[in-house]
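Colleague: I have a model open on my screen and would like to learn how to read it. Could you walk me through its features?

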Amino acid sequence: MTSEGVQPTGNPGRTGAGPAVNSYTEWDPLREVVVGSLLGAVFPTWQESMKHTMPPSAWPVFRERGGSPLPERHLKAAEAELDNLAEVLESEGVRVRRPDTARHHRPIRTPEWESDGGLYAAMPRDSLMVVGDAIVEAPMSWRCRLHESDAFRPLIKSYFRRGARWLPAPRPQLTDDLYQDVGDSGPWAVSEFEPVFDAADFLRFGRDLVVQRSHVTNAFGIDWLRSALGPDFSVHVVETDDPHAMHIDATITPLAPGKLLVNPERYVHSELFDGWEILPAPSPALPADWPMYFCSPWVSMNVLSLDPGTVVVERQERPLIEALTAWGFRCVEVDFRHVYSFGGSFHCVTLDTVREGGPGRYLSVPGR
């Protein structure tokens, strides 16, 4: 571990005069990435807004075991899969960074509420986003995730000292005023009391970002990010057919300029993608009895692009691998089902800090 608390591994990637962070799209050639960790992970402390996004089978577990460790055997298998992913990415010429170990089991208390513990540092895509030369820290709405980005702070400080811009969102209060009953007060579990969003509700298309409203992302949060990024970037809200919306990357996944993988059950076409090739993802291959605490099996389409012709895909998702291969992609196959159980896949567990290329315009924006 370095003096900054950073654990660099693998190919040193781009060095010298290059920018500390540089990532404008989801598909440009990947040169450096942060891979999350499940070490010390605990069950989230229950809050009522979770019932709109979490599988009902997990509700009693969260209510009873919030702040307690995740199942040890399954957790160890998932952490081994994360370590293997890091090794695979290194073999593909990508420099890999890992977060610090955090004390997720420690209770969180504010003057207004308390949580029995945190969660994990497994999904950097949820709490952080790189837009060009800036790192954005998201104001997440789950109370147990208030300090989640702390495990990545040594990395963020290191990037900042080397020239990256650092854009932390306003710290959310997460009082009861933020949460509302779906159906009575609106379609979403978060009100407009303060800006909140998960970074995983956004996707990057050069100078354009696409975002969905969800049970963790409100209009106030979208407006804050639009203002923070300034006039060089445009943020577009798209509709999805997902009453349980939380994170857009299992609904829409751009793989290359003009190629969009979509969830056939949730995708609603937007004129932004006029002229793009659209591939409906095959149904997930995950067995029905596989434990899924945080998400649906559609996390299968949560792939990671290494360049416009290469994607990392779960090894056992054979229908998806065949469809992507037929579409012209090289698939890097990696075992990842144990990670699935804890809420994400390859896109979720990574933060692409350096990709080749610069800003561009890829979407069909009316009037531009």
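Modeller: Happily; we will go from the overall fold to single residues. Keep in mind that this is a predicted model.

Colleague: Let's begin with the whole chain. How many helices and strands are there in the protein chain?

Modeller: The protein chain has seven helices and 17 strands. Its C-alpha trace spans about 50 × 50 × 45 Å along the principal axes.

Colleague: What radius of gyration would a compact globule of 368 residues have, and what does the protein chain have?

Modeller: A compact globule with 368 residues would come out near 21 Å, and the protein chain has 19 Å, so the two agree. Buried residues make up 59% of the chain. Looking at contacts with a separation of 6 or more, 73% are between residues 24 or more positions apart.

Colleague: Now a helix. How far apart are the end C-alpha atoms of helix 2, and what span should its residues give?

Modeller: Use 1.5 Å a residue: the 20 residues of helix 2, from 72 to 91, should span 28 Å, and the end C-alpha atoms are 29 Å apart, which agrees. The buried residues of helix 2 include L75, L82, L85 and L89, and also H74, E79 and E81. After the helix comes G93, with a positive phi near 85°.

Colleague: And strands? Where do the side chains of a strand point?

Modeller: In a regular strand, side chains alternate between the two faces of the sheet. Strand 8 is a good place to see both faces: F202 and R204 are on one side, L203 and F205 are on the other, and all four are buried, so both faces are covered.

Colleague: Which strand does strand 8 join, and in which sense, parallel or antiparallel?

Modeller: Strand 8 runs antiparallel to strand 9 (residues 208–211), with four bridges joining them. L203 stands opposite V210 of strand 9. The two strands form a hairpin with two residues between them, and G206 in that turn has a positive phi of about 70°.

Colleague: Which strands could I look at for parallel pairing?

Modeller: Try strand 15 (residues 310–314) and strand 16 (residues 330–334), which pair in the parallel sense over five bridges. One pair to find is E314 and its bridge partner V334 in strand 16. Between the two strands the chain passes through helix 6 (residues 318–326), and this β-α-β crossover is right-handed.

Colleague: You mentioned positive phi for glycines. What about other residues?

Modeller: Most residues other than glycine have a negative phi. Two residues here are worth a look. L174 has a positive phi near 55° and sits in the loop between strand 7 and strand 8. L174 counts as buried because its relative accessibility is 0%, under the 20% cut-off. H247 has a positive phi of about 85° and lies in the loop between strand 10 and strand 11. H247 is also buried, with a relative accessible area of 10%.

Colleague: Last one, cysteines. How many disulfides does a search of the whole structure find?

Modeller: Zero. To see why, compare sulfur distances with the cut-off, which is within 2.5 Å. For C144, the closest cysteine sulfur is that of C295, 15 Å away and therefore too far for a bond. C331 is in no disulfide either, with the nearest cysteine sulfur, in C348, 18 Å away. C144 is buried at 4% relative accessibility, and C331 is buried at 15%.

Conventions. Residues numbered from 1 in each chain as written. Predicted model: local features only at pLDDT ≥ 70, side-chain atom pairs only at ≥ 80, totals over all residues. Heavy atoms only, no water. Expected span 1.5 Å × (residues − 1). Buried < 20%, exposed > 50% of the residue type's maximum accessible area, 1.4 Å probe, protein only. Pairing = 2+ DSSP bridges. Right-handed = clockwise from strand over helix to strand, strands pointing away. Rg over C-alpha atoms; globule rule 2.2 N^0.38 Å. Contact = heavy atoms within 4.5 Å.
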